[in-house]
Amino acid sequence: MQTQVVVLRWGHRPQRDARLTTHVALAARALGATGFVLSDIVDNSLKKTMEQVKENWGGNFSFEMGTPWKKVVKDWKQKGGIVVHLTAYGENIQSSNVLNEIRALKKDILILVGSQKVPAAFYSVDISDFNVAVGNQPHSECAALAIFLDRLFEGKTLAAPFENAKKRIVPKKRGKQVE
Ligand SMILES: C[S@@+](CC[C@H](N)C(=O)[O-])C[C@H]1O[C@@H](n2cnc3c(N)ncnc32)[C@H](O)[C@@H]1O
């Protein structure tokens, strides 16, 4: 069975976070997540960008927006999935056993990432099954997500094909080739 790994981006401010939220969604897709939720807010420009990327570069990446984060989490848990909150204050992915614990459950994973300060409830046992730190220094949601996904999938998704792509990059030592 294919495990679902969906990224929920909370706290998006269209004027300020447009570029970074786009990068979080693109990184999620490219590194092997199966979907993205922009919670609580609608941003049609982001939706359009992600639709164009899917049209050109393929894959089955899902995109949802506007649903309140509490509903996304509740529905996810009801279907048996777990929730992983990425936060600098969590259990260190390198020095703790947290990643093995997550993997051992073999469940679908909803990954929460913030932008502005997240609601305190994100840290609670009611919401997050795991609070995971990609190092205990504050940095970027995009960097934290990329490293978490790369470790979760052990790099394998980086070489995975994307189905129904119109375009495919042919890796080369130099120059650019797109089929
Ligand atoms: C740039 S941070 C801003 C955090 C905000 N200023 C606060 O005080 O909570 C945005 C998001 O990046 C992620 N993040 C930043 N550093 C992280 C780390 N070391 N490990 C995991 N996630 C991290 C978290 O999801 C966080 O909500």
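**Exercise 1. Strand 5 and its partners**

Which residue of strand 5 is the bridge partner of Ile82? Work outward from this pair to describe how strand 5 is held on both of its sides.

*Solution.* The model is a predicted one, and every step below is to be read on that footing. Start with the pair itself: the bridge partner of Ile82 is Ile109 in strand 5. Move along to Val83, whose bridge partner in strand 5 is Leu110. These pairs belong to the contact between strand 4 and strand 5 (residues 109-113), which pair in the parallel sense over four bridges. Now turn to strand 1, which runs parallel to strand 5 and is joined to it by five bridges; here Val7 stands opposite Ile111 of strand 5.

**Exercise 2. The faces of strand 5**

Sort the residues of strand 5 by the way they point, and decide whether the strand is enclosed or open to the outside.

*Solution.* Begin with the general rule: in a regular strand the side chains alternate between the two faces of the sheet. In strand 5, Ile109, Ile111 and Val113 point one way, while Leu110 and Leu112 point the other way. Next, consider burial, for which the cut-off is 20 or more other C-beta atoms within 10 Å. Five of the five residues of strand 5 are buried, and the strand is therefore largely enclosed by the rest of the structure.

**Exercise 3. From the strand to the whole sheet**

Place strand 5 in its sheet, and then place the sheet in the protein as a whole.

*Solution.* First, count the elements: the protein has five helices and six strands, which follow one another from the N terminus as β-α-β-α-β-α-β-α-β-β-α. Second, write down the strand order, which is 3-2-1-5-4-6 in an open sheet of six strands with parallel pairing. Third, find the edges: strand 3 (62-65) and strand 6 (130-133) each pair on one side only. Neighbouring strands of this sheet are turned against each other by 30° on average, with direction ignored. Fourth, add a helix: helix 3 (residues 69-78) lies across strand 1 (5-9), strand 2 (35-38), strand 4 and strand 5, and runs at about 115° to strand 4.

Finally, look at the overall form. The C-alpha trace spans about 45 × 35 × 35 Å along its principal axes. For 179 residues a compact globule would have a radius of gyration near 16 Å, and the protein, with 16 Å, agrees with this. Among contacts between residues at least 6 apart in sequence, 82% join residues at least 24 apart.

**Exercise 4. The surroundings of the ligand**

Which elements each supply at least two residues of the shell around the ligand, and how is the shell composed?

*Solution.* The elements are strand 4 (82-92) and helix 5 (141-152), and strand 4 gives the most, with three residues. Of the 17 residues around the ligand, Leu86, Ala88, Gly114, Glu141 and Ala144 come nearest. By type, the shell divides into eight nonpolar, seven polar and two charged residues.

**Exercise 5. Four residues outside the regular elements**

Classify Ser128, Gly135, Lys106 and Asn164 as buried, partly exposed or exposed, and note what else marks each position.

*Solution.* Take Ser128 first, in the loop between strand 5 and strand 6. Ser128 is buried because 21 other C-beta atoms lie within 10 Å. Apart from residues up to four places away in sequence, Ser128 touches Val83, Val84, His85, Leu112, Phe122 and Tyr123. With Val84, 44 residues away along the chain, the C-alpha separation is 5.7 Å.

Gly135 sits in the loop between strand 6 and helix 5 and is partly exposed, having 14 other C-beta atoms within 10 Å. From Gly135 to Val113 the C-alpha distance is 15 Å, across 22 residues in sequence.

For the last two residues, recall that most residues other than glycine have a negative phi. Lys106, in the loop between helix 4 (98-105) and strand 5, has a positive phi near 55°; Lys106 is exposed, with 9 other C-beta atoms within 10 Å. Asn164, in the segment after helix 5, likewise has a positive phi, of about 55°, although it is not a glycine. Asn164 counts as exposed because it has 10 C-beta neighbours inside 10 Å.

Technical notes: Residues are numbered from 1 along each chain as its sequence is written. This is a predicted model: local features need pLDDT of at least 70, side-chain atom pairs count only at pLDDT 80 or more; totals for chains, interfaces and linings use all residues. A residue is near a molecule or strand if its C-beta atom, placed from the backbone, lies within 6 Å of it. Ala, Val, Leu, Ile, Met, Phe, Trp, Tyr, Cys and Pro count as nonpolar, Asp, Glu, Lys and Arg as charged, and the others, Gly among them, as polar. Two strands pair if DSSP finds at least two bridges between them. Axes are lines fitted to C-alpha atoms, for helices over the stretch in contact, and angles run from 0 to 180 degrees between N-to-C directions. Two residues are in contact if their C-beta atoms, placed from the backbone, lie within 7 Å. A residue is buried if 20 or more other C-beta atoms lie within 10 Å of its own, exposed if 12 or fewer, and partly exposed in between; C-beta atoms are placed from the backbone. The radius of gyration is taken over C-alpha atoms; the globule rule is 2.2 Å times the number of residues to the power 0.38.
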